[in-house]
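Dear colleague,

I am handing over a structure that will be new to you. Please look through the sequence and the coordinates shown here before reading the notes beneath them.

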Amino acid sequence: MAALFLLPALVLLGALVVYPIGYSLVRSFGNASGDGFAGFDNYRALFTDDGIRTALKNNVLWVVFAPTVSTALGLVFAVLTERVRWGTAFKLVVFMPMAISMLAAGIIFRLVYDQDPDKGVANAVWVGVHDTFAQASAFPKAHPGRDSPLRPDRGGFITRTAVRAGQPVALPLVGVAPDQLPDDAKKAVAAAPEPGKVTGTTWQDFTRGKGVGRLGAPDPSEVGYAGMRIEAVKDGTVVATAEAAGDGTFVLPAAADGARLRLPASNFREPYNGVDWLGPALVTPSIIGAYVWMWAGFAMVLIAAGLAGVPRELLEAARVDGASEWQVFRKVTVPLLAPVLAVVVVTLMINVLKVFDLVFIIAPGSSQDDANVLALELYRKGFAEGQPGIASAISVFLLLLVIPVMLFNIRRLRREVRR
């Protein structure tokens, strides 16, 4: 009778689990076409193929960091939400990402990590913080035109000859789009000479139309570079500075006499476009961040359930004995939650060994090789590169990696039952 009741489950397990495992094991010893025996060549490829080795390295990073960070955040959330009135609402918000599929989460974070600050939330925040302390220049594309008195110097530009007091200086530039000019820019005017001082104008020396306008002199339609910083340099030392007015004119004191005028590199700083989250260097940590966003709520719920069963008398006794809150947390709460923490960590370790969806969706084609993991490499080898033998070997290898973790979990559960 027992066998009769177990038969449907055994049939399903055999068809959906046992048979695929057995077939994958057999297929892992076959060649690409499946009609020949390849021996251990497919398994040898696991340690010689560059793509698989990258996947192995990334899987190690996943197993080490993703479960650890998710469990740590879940523990912090579970402990802190016990002390706030709106803890239940907070738990609901943190757990909510678990209701989203991996595919949907991947699409969300592909947008979050977009390089364009106008689209990607991560870079919008990062650029906002950066620009608070170091704003970009209004003249990132400005450069000297034809027959200019300026030459390149340390990322900026400097006059070819020294300037003299009482002789106005022209510092013409080109290359700034009209819509990018500062809002306070006005029509450029030629600076008037002042006794004992160095005066000059810096402006956009460009007028639309062929043969229209004069080079090296402000024309009626040309605009001054409002806010441009000018430095007077003698023997490599800045002796005076000035900032151009709205019409591009500036005045330097007598100390600038005999100096060269430099437009420093700060005038031409390119706009900051944020971090390349999905570039080769950061793509794996970024995807792990998306995983933590999803699974920290899972860890929090399990740990909160375990925390509800912790005897409050022990916590109160520790406080009465003079322990600080940090000591109570570290020496009482965490040890009592050790079995629950072990369940969470082991469950997440098994989960991250099989991670596929997030990597496949979030990582762009240009950096997918750098974000590669074993499950993704299995898919690529089996369906994109036509090497089912190697794909089967990867699946068997993944199974072998998961089995020890599962056995550890089973043994730990049995010990808990005996207690």
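The notes below cover a sheet, one residue in a strand, and the salt bridges.

Please keep in mind that this is a predicted model.

**The sheet**

An open sheet is built from 5 strands, in the order S1-S2-S8-S5-S6, with antiparallel pairing. Strand S1 (150-153) and strand S6 (237-243) each have a single partner strand and stand at the edges, so one side of each is left without a neighbour in the sheet. From one strand to the next, the twist averages 30°. Strand S5 (residues 229-234) is joined to S6 in the antiparallel sense over 6 bridges. Within this part of the sheet, Ala-232 stands opposite Ala-240 in S6.

**Gln-204**

Gln-204 belongs to strand S4 (residues 198-204). Its relative accessible area is 9%, which is under the 20% limit, and Gln-204 is therefore buried. Leaving aside residues up to four places away in sequence, Gln-204 touches Leu-173, Val-174, Gly-175, Val-176, Glu-222, Val-223 and Tyr-225.

**Salt bridges**

Side chains of opposite charge can pair when their charged atoms come close. The structure holds 16 salt bridges, and three of the pairs are described here.

Arg-53 forms a salt bridge with Asp-50, and the closest N and O atoms are 2.8 Å apart. Both residues lie in helix H3 (residues 50-81), 3 residues apart, which is about one turn of the helix. Arg-53 is partly exposed, at 44% relative accessible area, whereas Asp-50 counts as exposed, at 53%.

The side chains of Arg-164 and Asp-257 also meet in a salt bridge, with an N to O distance of 4.0 Å. Arg-164 lies in the loop between strand S2 (156-159) and strand S3 (169-173), and Asp-257 in the loop between strand S7 (249-252) and strand S8 (260-263), so the pair ties together parts that are 93 residues apart in sequence. Arg-164 is partly exposed at 44% relative accessibility, and Asp-257 is partly exposed at 30%.

In the third pair, the side chains of Asp-369 and Arg-380 meet at 2.5 Å, N to O. Asp-369 lies in the loop between helix H11 (357-362) and helix H12 (374-384) and Arg-380 in helix H12, so this salt bridge ties together parts that are 11 residues apart in sequence. Asp-369 is partly exposed, with a relative accessible area of 46%, while Arg-380 is buried, at 16%.

Finally, a network of salt bridges links Asp-49, Glu-377, Lys-381 and Glu-385.

With kind regards

Methods:
Residues numbered from 1 in each chain as written. Predicted model: local features only at pLDDT ≥ 70, side-chain atom pairs only at ≥ 80, totals over all residues. Heavy atoms only, no water. Pairing = 2+ DSSP bridges. Helix = DSSP H or I, 4+ residues; strand = E, 2+ residues; numbered from the N terminus. Axes fitted to C-alpha atoms, helices over the stretch in contact; angles between N-to-C directions. Buried < 20%, exposed > 50% of the residue type's maximum accessible area, 1.4 Å probe, protein only. Contact = heavy atoms within 4.5 Å.
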